[in-house]
Amino acid sequence: MRLTRPPARQAPETIIALIDVVFFLLVFFMLIGRMDATAPFEVTPPLAFTGADMPAGGITLSVSESGEMAVDGVSVTDPLPPLLAQIAQTPEVLVRINAHHAAELRHILPLIAELEAAGAQDVALVVTPAGR
């Protein structure tokens, strides 16, 4: 009796190789591509100083998490009039803004804009170094 082998079947086309190529292309373009928007001009961010003592004197404006404010430790409902009066007398006075880390920017940014419009020359945002 003579046995015959069945004809060899063609191996199905594998898509695994194509998936590998697509994956490598994806990784390649992710590595060389820019993921952030860039300005059409050079931007140098400001420097932050940590670990250095704040200069003495000036005004300290504190902002709580809920938006309550205090000027030099005294609670106020609208801190701008006393601040603007001091700035009008001495524009070079340092104004420190000590805001709670969870305070919303809508409480802080208008203050900075008003201080700038009043002629404040130095406004410092008090920060806590990472890890503390």
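# Exercises on a predicted chain

Among the elements of the chain, helix α1 (residues 16-32) has the highest mean pLDDT, 85, and α2 the lowest, 70, where pLDDT is the predictor's confidence in each residue, from 0 to 100. The model is predicted, so local features need pLDDT of at least 70 and side-chain atom pairs count only at pLDDT 80 or more, while totals for chains, interfaces and linings use all residues. Residues are numbered from 1 along each chain as its sequence is written, and side-chain values use heavy atoms, with hydrogens and water left out.

## Exercise 1: The chain as a whole

Task: State how many helices and strands the chain has, and in which pattern they follow along the sequence.

Solution: Begin with the definition, in which helices (H or I, at least four residues) and strands (E, at least two) are DSSP runs numbered from the N terminus. Counting in this way gives three helices and five strands, and reading along the sequence gives the pattern α-β-β-β-α-β-α-β. For the confidence of the whole chain, note that the mean pLDDT is 78 and that 82% of the residues reach 70 or more.

## Exercise 2: The nonpolar core

Task: Find which residues of the largest nonpolar core touch the most other members, and which elements give two or more residues to this core.

Solution: A nonpolar core is a set of buried Ala, Val, Leu, Ile, Met, Phe, Trp, Tyr and Cys residues joined through side-chain atoms within 4.5 Å, and buried means under 20% relative accessible area, exposed over 50%, and partly exposed in between (1.4 Å probe, protein chains only). The largest core holds 15 residues, of which L61, V63, I87, L111 and L115 touch the most other members. The elements giving two or more residues to this core are β1 (59-63), β2 (69-71), α2 (80-89), β4 (94-99) and α3 (105-118). Next, take V63 and leave out residues up to four places away in sequence: its contacts (heavy atoms within 4.5 Å) include M69, H107, I108 and L111. Finally, turn to H107 in helix α3, which counts as buried because its relative accessibility is 15%.

## Exercise 3: A buried arginine

Task: Determine which side chain of opposite charge is nearest to R96, and with which side chain R96 makes a polar contact.

Solution: First, Lys and Arg count as positive and Asp and Glu as negative, whereas His and the chain ends are not counted. R96 is found in strand β4, and R96 is buried yet has no salt bridge, since the nearest side chain of opposite charge, D72, is 6.0 Å away, while a salt bridge needs a side-chain nitrogen of Lys or Arg within 4 Å of a carboxyl oxygen of Asp or Glu. D72 itself lies in the loop between β2 and β3 (74-76), and D72 counts as partly exposed because its relative accessibility is 45%. The side chain of R96 makes a polar contact with the side chain of T60 at 3.2 Å; such a contact is a pair of N or O atoms within 3.5 Å, where within protein one must be able to donate a hydrogen and the other to accept it, and residues adjacent in sequence count only if both atoms are side-chain atoms.

## Exercise 4: The salt bridge

Task: Identify which side chains meet in a salt bridge, and decide whether each residue is buried, partly exposed or exposed.

Solution: By the rule the count comes to one salt bridge, and the side chains that meet are those of E104 and R106 (2.4 Å, N to O). E104 is partly exposed because its relative accessible area is 40%, whereas R106 is exposed because its relative accessible area is 59%.
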